[in-house]
Amino acid sequence: MKNNLFLTPANDAIQHLISQLYTATSRIELQEFRHWALAQLQSVIDFDGAIWSNGHQQTLTFHNHTLFNVADELGELLLTHLSINPMADVLLTNLGQPIDMRDLLGDDEFYQSEIYQKCFQPMGIERILASIHLDERSGLFTLLTLYRFDRSKPFTQQEKAIQSNLLYHLLKSAEHALFMTLERQAGNEAHTHLGICDAKGYFHQAQSSLLDLLERHFPDQTFDRLPEPLLQVFNHLIDSNQKVKANPSGEKIQLKVRQFNELYLLEIWPNGPLDILSSREKQVVDAINKGMTFKQAAQHLTLSPSTVSNHLYRIYQKLNIGSRAQLHALLNNR
């Protein structure tokens with residue numbers, strides 16, 4: 001709450017920026033979104049360069065970086081000199097709190113330090129402000145570091161408060177942009193929930209609705225990675241190079257896996273009435289639900305009317321129903 005005291009003078013600009021971040025998710029290309037968002041952030045915090053990184057608490061590695069007006073080599077320099085960077089441990093023990101390098105080292109000490117001379121000075125970086133946001137359910141963390149190239153312009157308390165306020169909205173709008181794009185590409189139905197994980201099942205991104213679903217079905221587990229029953233199915237699917245859905249034994253949940261660059265895109269959803277049907281049976285259900293007669297459905301599916309009738313008989317048995325009216329009611333109440 002105390003951070004809000006610093007936001008009053010710029011509150012209108014901050015609220016406008018937050019609105020922009022979320023409304024732009026449908027019009028800014030995904031590959032441009034994070035760079036675009038950092039450019040908008042400059043309207044409320046004056047900075048010259050930035051790095052926006054994502055990682056996982058369990059692996060303590062970064063999954064990706066967005067570099068804004070800084071050289072690509074900076075990311076490698078930061079990793080190389082991580083052990084002498086005083087910010088590293090402090091950020092992890094002060095989650096959500098922006099840390100200014102001046103909070104840790106006075107200017108005289110910093111500008112004589114090894115980390116400055118080996119990492120920041122070659123990049124022209126004179127002032128540093130960073131903060132980490134951790135999603136405790138998934139173990140995913142976001143690191144935002146802002147840089148200034150002018151030593152005479154240190155970051156202010158108000159700017160620290162603004163960064164603290166906006167980091168959550170930056171990562172949530174970027175997450176929304178990602179999953180909106182994936183949903184459009186995959187043509188996902190509304191009942192599916194998306195996540196991205198590595199080959200070990202650790203999440204790199206996860207929709208909140210996916211985590212909610214896992215909590216309902218696996219109440220005694222944490223979700224920094226796939227729960228064990230799903231992890232076994234996931235391993236089977238990627239080992240056999242399958243992309244089809246599978247139903248973990250004893251679980252009322254479905255999983256579908258697709259390659260996503262060097263990672264895996266997960267689609268997870270609770271069992272519905274049609275999930276126990278074969279692909280052909282689903283096609284018959286779709287035709288009948290559209291009001292086709294046996295003859296019309298047979299022509300549509302290139303089958304004989306008797307075959308359609310046999311399929312429908314088995315469908316009724318599987319779904320424990322006995323008429324078209326019950327089938328329509330079951331489908332419309334999903």
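Is Asn-69 buried or exposed? I began with this residue in what is a predicted model. Asn-69 has a relative accessible area of 54%. I took over 50% as the cut-off for exposed, so Asn-69 is exposed.

**Entry 1: two asparagines in loops**

I then looked up the backbone of Asn-69 and found a positive phi of about 60 degrees, although the residue is not a glycine. I located Asn-69 in the loop between E2 and helix H3 (73-80).

I turned next to Asn-261, which is not a glycine either and has a positive phi of about 55 degrees. I placed Asn-261 in the loop between strand E8 (253-260) and strand E9 (263-270). Its relative accessibility is 67%, and Asn-261 therefore counts as exposed.

**Entry 2: the open sheet**

In what order do the strands of the open sheet lie? I read the order as E2-E1-E5-E4-E3, with 5 strands and antiparallel pairing. I noted strand E2 (61-68) and strand E3 (99-100) as the edge strands, each of which pairs on one side only.

I followed the edge strand E3 to its partner, strand E4 (residues 127-135), and found 2 bridges between these antiparallel strands. Within E3 and E4, I recorded that Ile-99 stands opposite Ala-130.

**Entry 3: strand E1**

I examined both partners of strand E1 (49-56). E1 is joined to E5 by 8 bridges, and the two run antiparallel. With E2, E1 forms 7 bridges, again in the antiparallel sense.

Which residues face Gly-55 in the neighbouring strands? On the E5 side, I found Phe-141 as the bridge partner of Gly-55. On the E2 side, Gly-55 stands opposite Phe-62.

I also checked how far E1 is covered, and 8 of its 8 residues are buried. I kept in mind that side chains in a regular strand alternate between the two faces of the sheet. In E1, I listed Gly-49, Ile-51, Ser-53 and Gly-55 as pointing one way. I listed Ala-50, Trp-52, Asn-54 and His-56 as pointing the other way, and the residues of both sets are all buried.

**Entry 4: helices H1 and H2**

What does helix H2 (residues 30-41) lie across? I found H2 across E1, E2 and strand E5 (140-148), and its angle to E2 is about 55 degrees.

I then compared H2 with helix H1 (residues 11-23). The two helices pack at an angle of about 170 degrees, and their axes are 11 Å apart. Angles over 145 degrees count as roughly antiparallel, so I described H1 and H2 in that way.

I listed the residues that make the contact. H1 contributes Leu-17, Gln-20 and Leu-21. H2 contributes Phe-33, Trp-36, Ala-37, Gln-40 and Leu-41. Sorted by class, the contact has 6 nonpolar and 2 polar residues, with no charged residues.

**Entry 5: cysteines**

How many disulfides are there? I searched for cysteine sulfur atoms within 2.5 Å of each other, and the count came to 0 disulfides.

I looked up the accessibility of two cysteines as well. Cys-119 has 0% relative accessibility and therefore counts as buried. Cys-197 also counts as buried, because its relative accessibility is 0%. For both entries I used the cut-off of under 20% relative accessible area for a buried residue.

Technical notes:
Residues numbered from 1 in each chain as written. Predicted model: local features only at pLDDT ≥ 70, side-chain atom pairs only at ≥ 80, totals over all residues. Heavy atoms only, no water. Pairing = 2+ DSSP bridges. Helix = DSSP H or I, 4+ residues; strand = E, 2+ residues; numbered from the N terminus. Contact = heavy atoms within 4.5 Å. Axes fitted to C-alpha atoms, helices over the stretch in contact; angles between N-to-C directions. Parallel < 35°, antiparallel > 145°, perpendicular 65-115°, else oblique. Nonpolar A, V, L, I, M, F, W, Y, C, P; charged D, E, K, R; others polar. Buried < 20%, exposed > 50% of the residue type's maximum accessible area, 1.4 Å probe, protein only.
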